[in-house]
Amino acid sequence: MERRGNASRKRPSTAELEQIARPSSKRRGGIYVPPYRAIAEDDDAGEFGSAEYQRCSWNALRKSITGLVNKATAANVRQVAPELLAENLVRGRGLLCRALLRSQTACPDFTDVFAALAAVVNARLPCVGRLLLVRLVLRVRRAHASGNRHQLAAAAAFVAHLVNQGVAHDLLALELHALLLDWPTDGSVEVAVGFARECGAALGESCPRGLDAVFDNLRGILHDGDIDKRIQFMIEDLFAIRKARFRGHPPVRAELDLIEADDQVTHQVELSSSLDHGDELDPEVHLDVFEPSPSFAQDEAAYEDLKRTLLGSAGDESLDQDQCSDDDESSADESETELTIRDDTDTDTDLINLRRTIYLTLMSSVGSEEAGHKLLSVVRPGQELELCTMLVECCRKEKAYTSYYARLAQRLCATGRAYQAGFEACFAGQYSAAHRMATDELRATARLYAHLLAPDALPWHAILGRVRVTEDDTTSSSRIFIKMLFQDLAEQLGIRALSNKMKDEDTAVRDALFPRDCAKNTRFAINFFTAIGLGGVTETARKLIV
């Protein structure tokens, strides 16, 4: 009988199930409530504008904002931003800032995505962007005071990307650098290096003098040598990135550049506000909790009008049309994409086979003459750079230097200008990556190019013209490379012949080895060559500073 009674009970409808799924307006403290009673309690929640209705609307707003923030990626941020603006962000600005900060701390790799989302909202609702910056600055202060390196690194990365997006002023980035490097520790310097790597390109464009001051501070810390070796390598890597003009570290990725610079609102929030003047920052934490509003209906109607102004009535239709047109274009170009993929695969396969052949020939040949004869019959026009790259890499990876590769490189340079250009390009790559090499690799590469420069197999201006011996343009690794290169040249040519060779070269080589733009750089070059035992080549340069 009981089974028959259970079977005859009416099942809830779809609308009732959806109502069950919605957050209930009653706080039940984790106690299980049967579905039919939950539906009855939600039906008694009250009419529009009541306190219980506002609480239910608040919970739905909180879940919607958190879900949209967590859903944002670089691929869909253009679609998520209008959906987020459709929510009442004036009422939920505290919820949005809290969701952005929590998600960014949990997933630092998506910091640029969250910054792009904040930039879109800030351009429409500047009050949201300022509140986010205030809370972020306070989080930086707390993390720095407590020594929480992970939270400080996450907050600093968020500040860097907000500076890149134009939401935060450049002054905030410089203040943060000053805070981190005032009393340098391993943790604070590591955070400062990561911060400079993220926003260095933007600071270089807007305030280059401020960026120079930051790097001067880092250079002083590096020369003091009081920090860990790992942090010293990070600073040297940062100097190499700056020398390459932050190539590979753009301020904003193309897919995240959503707001024009003229439309963005930039906020100037100071990191160290004066307590004596009473201008302490207010995080407005009361915006994170529910409070019933007597003007709830008017506020909702006002935001509906604002939403129509921000998004427009035809926003969804245009979005759908854009998606349809993108689908049509992708289907129309599908065959061309497949052909391109096949072509790239074939090219990569040919390149791998060429490298394998070159490597096996280098390893199996008895001498440089035999290897050169075999390789010249294998390499086709246009592949000279690959041969030069493979030869330099094989020489660099040997446990001990052997002149086999140098003699082979000299023979290749004698065959044509294409191989000379290939070794010149290889030198540029090896010198710029000197900070990534071990000492044995630096020695092998330097001796290889010294063997090519001594008999003029390579033009000196094409090689040494890239080496500018100054304190700013060199690192500890590149100075080791230059030292080994010139010491080997002096061993092969002699000090007098090397000095005459350096004087007889064109002005590009002389100005690179002994810069004449200022006495400081000239004196540094003279001291460097004197310290490595080649003071005889500095006689001409010493006359310049007398």
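Of the chain's 546 residues, 42% count as buried, meaning under 20% relative accessible area, with over 50% called exposed and anything in between partly exposed (1.4 Å probe, protein chains only). This is a predicted model, so to speak only of its firmer parts, local features need pLDDT of at least 70 and side-chain atom pairs count only at pLDDT 80 or more, while totals for chains, interfaces and linings use all residues. Residues are numbered from 1 along each chain as its sequence is written, and side-chain values use heavy atoms, with hydrogens and water left out.

As for secondary structure, the chain has 27 helices and 0 strands; helices (H or I, at least four residues) and strands (E, at least two) are DSSP runs, numbered from the N terminus. Looking at contacts (heavy atoms within 4.5 Å), 75% of those between residues at least 6 apart in sequence join residues at least 24 apart.

Now for a single residue. Thr111 sits in helix H7, which covers residues 111-124. Thr111 is buried, at a relative accessible area of 2%. Setting aside neighbours within four places in sequence, Thr111 touches Gln104, Ala157, Phe158 and His161.

Next comes a helix pair. The crossing of H23 and H26 is right-handed, which is the clockwise case: the near helix is turned clockwise from the far one by less than a right angle, whereas anticlockwise would be left-handed. On the H23 side, the contact is made by Arg479, Ile482, Lys483 and Phe486, and on the H26 side by Phe524, Phe528 and Phe529.
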